[in-house]
Amino acid sequence: MTSTTTTSSVAKAHGRFLRGSVSKVRRVLDQIRGRTYRDALIMLEFMPYRSTGPITKVLRSAVANAENNLGLDPAKLVITQASADMGPPMKRYRPRAQGRAFAIKKQTCHINIGVALPADS
């Protein structure tokens, strides 16, 4: 579900094939981009959106990567990268009248979050 990548002093985490619309995930990511880890967690806890659950999971994974792989202090980390890309749709079918079937496409998305120390420290 999540994979990890670290380059220089930026720790990243990726949540792939997560259920949810890209536009609904992006509106939450736009709110937390550029904030500290602590502020972002508080904001995510009190936002009334369903997408905050998977975003919180990926954010915690990115911070764990920064702490374990790079030795960074979680209290000082800032969210430098936060993006959501469209994943492949899950295809389902709904039975309709006279033996017909209508397709239902359930959206998935990929969430990418990167955390690093702020530039001034």
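The exercises below, each with a worked solution, concern a predicted model of one protein chain.

**Exercise 1. The chain as a whole**

Find how many helices and strands the chain has, and in which order the elements run.

Solution. Step one is the count: the chain has three helices and six strands. Step two is the order, which from the N terminus reads β-β-α-α-α-β-β-β-β. Step three concerns the overall spread. The radius of gyration is 17 Å, well over the 14 Å that the globule rule gives for 121 residues, so the chain is more spread out than a compact globule. The C-alpha trace spans about 65 × 25 × 15 Å along its principal axes.

**Exercise 2. Burial and contacts**

State what percentage of the residues count as buried, and what percentage of the contacts between residues at least 6 apart join residues at least 24 apart.

Solution. First, burial: 37% of the 121 residues count as buried. Next, contacts: among those between residues at least 6 apart in sequence, 68% join residues at least 24 apart. Last, the surface: the chain exposes about 7,500 Å², and 50% of this comes from carbon and sulfur atoms.

**Exercise 3. Helix α3**

Compare the span expected for helix α3 with the distance between its end C-alpha atoms, then place Thr 52.

Solution. Begin with the length. Helix α3 covers residues 52-69, which makes 18 residues. At 1.5 Å a residue the helix should span 26 Å, and its end C-alpha atoms are 25 Å apart, which agrees.

Then look at burial along the helix. Among the buried residues of α3 are Ile 55, Val 58, Leu 59 and Val 63. Thr 52 lies in this helix too. Its relative accessible area is 9%; buried means under 20%, so Thr 52 is buried. Apart from residues up to four places away in sequence, Thr 52 touches Val 28, Leu 44 and Met 47.

Finally, go past the helix: α3 is followed by Gly 71, whose phi is positive, near 70 degrees.

**Exercise 4. The hairpin of β4 and β5**

Determine how strands β4 and β5 run relative to each other, parallel or antiparallel, and whether β4 is buried or in the open.

Solution. Strand β4 covers residues 90-95, and strand β5 covers residues 101-106. Six bridges join the two strands, which run antiparallel. Within this pairing, Tyr 93 stands opposite Ala 103 in β5.

For burial, count over β4: of its six residues the number buried is zero, so the strand lies largely in the open.

The turn comes last. The two strands form a hairpin with five residues between them. Gln 98 lies in this loop and has a positive phi near 60 degrees, although it is a residue other than glycine. At 72% relative accessibility, Gln 98 counts as exposed.

**Exercise 5. Two residues of strand β2**

Describe the setting of Phe 17 and of Arg 16, including which sign the phi of Phe 17 has.

Solution. Phe 17 lies in strand β2, residues 10-19, and Arg 16 is found in strand β2 as well. The phi of Phe 17 is positive, about 60 degrees, although the residue is not a glycine. Phe 17 has a relative accessible area of 49% and is partly exposed. Arg 16, at 38% relative accessibility, also counts as partly exposed. To place Arg 16 in space, take Leu 117: the two are 101 residues apart in sequence and 25 Å apart, C-alpha to C-alpha.

**Exercise 6. Arg 33 and Arg 38**

Say where Arg 33 and Arg 38 sit, what Arg 33 contacts, and how exposed each residue is.

Solution. Start with position. Arg 33 is in the loop between α1 (22-32) and α2 (37-46), whereas Arg 38 is in helix α2.

Continue with exposure. Arg 33 is partly exposed, with a relative accessible area of 38%. For Arg 38 the value is 64%; exposed means over 50%, so Arg 38 is exposed.

Now take the surroundings of Arg 33. Its side chain makes a polar contact with the side chain of Asp 30 at 2.9 Å. Leaving aside neighbours within four places in sequence, Arg 33 is in contact with Ile 79 and Ala 82.

End with distances between C-alpha atoms. Arg 33 and Val 115 are 82 residues apart in sequence and 9.8 Å apart in space. Arg 38 and Ser 9 are 29 residues apart in sequence and 19 Å apart in space.

Key:
Residues numbered from 1 in each chain as written. Predicted model: local features only at pLDDT ≥ 70, side-chain atom pairs only at ≥ 80, totals over all residues. Heavy atoms only, no water. Buried < 20%, exposed > 50% of the residue type's maximum accessible area, 1.4 Å probe, protein only. Helix = DSSP H or I, 4+ residues; strand = E, 2+ residues; numbered from the N terminus. Pairing = 2+ DSSP bridges. Contact = heavy atoms within 4.5 Å. Polar contact = N/O pair within 3.5 Å; in protein donor to acceptor, adjacent residues only side chain to side chain. Rg over C-alpha atoms; globule rule 2.2 N^0.38 Å. Areas by Shrake-Rupley, 256 points an atom, 1.4 Å probe, with all protein chains shown as cover. Expected span 1.5 Å × (residues − 1).
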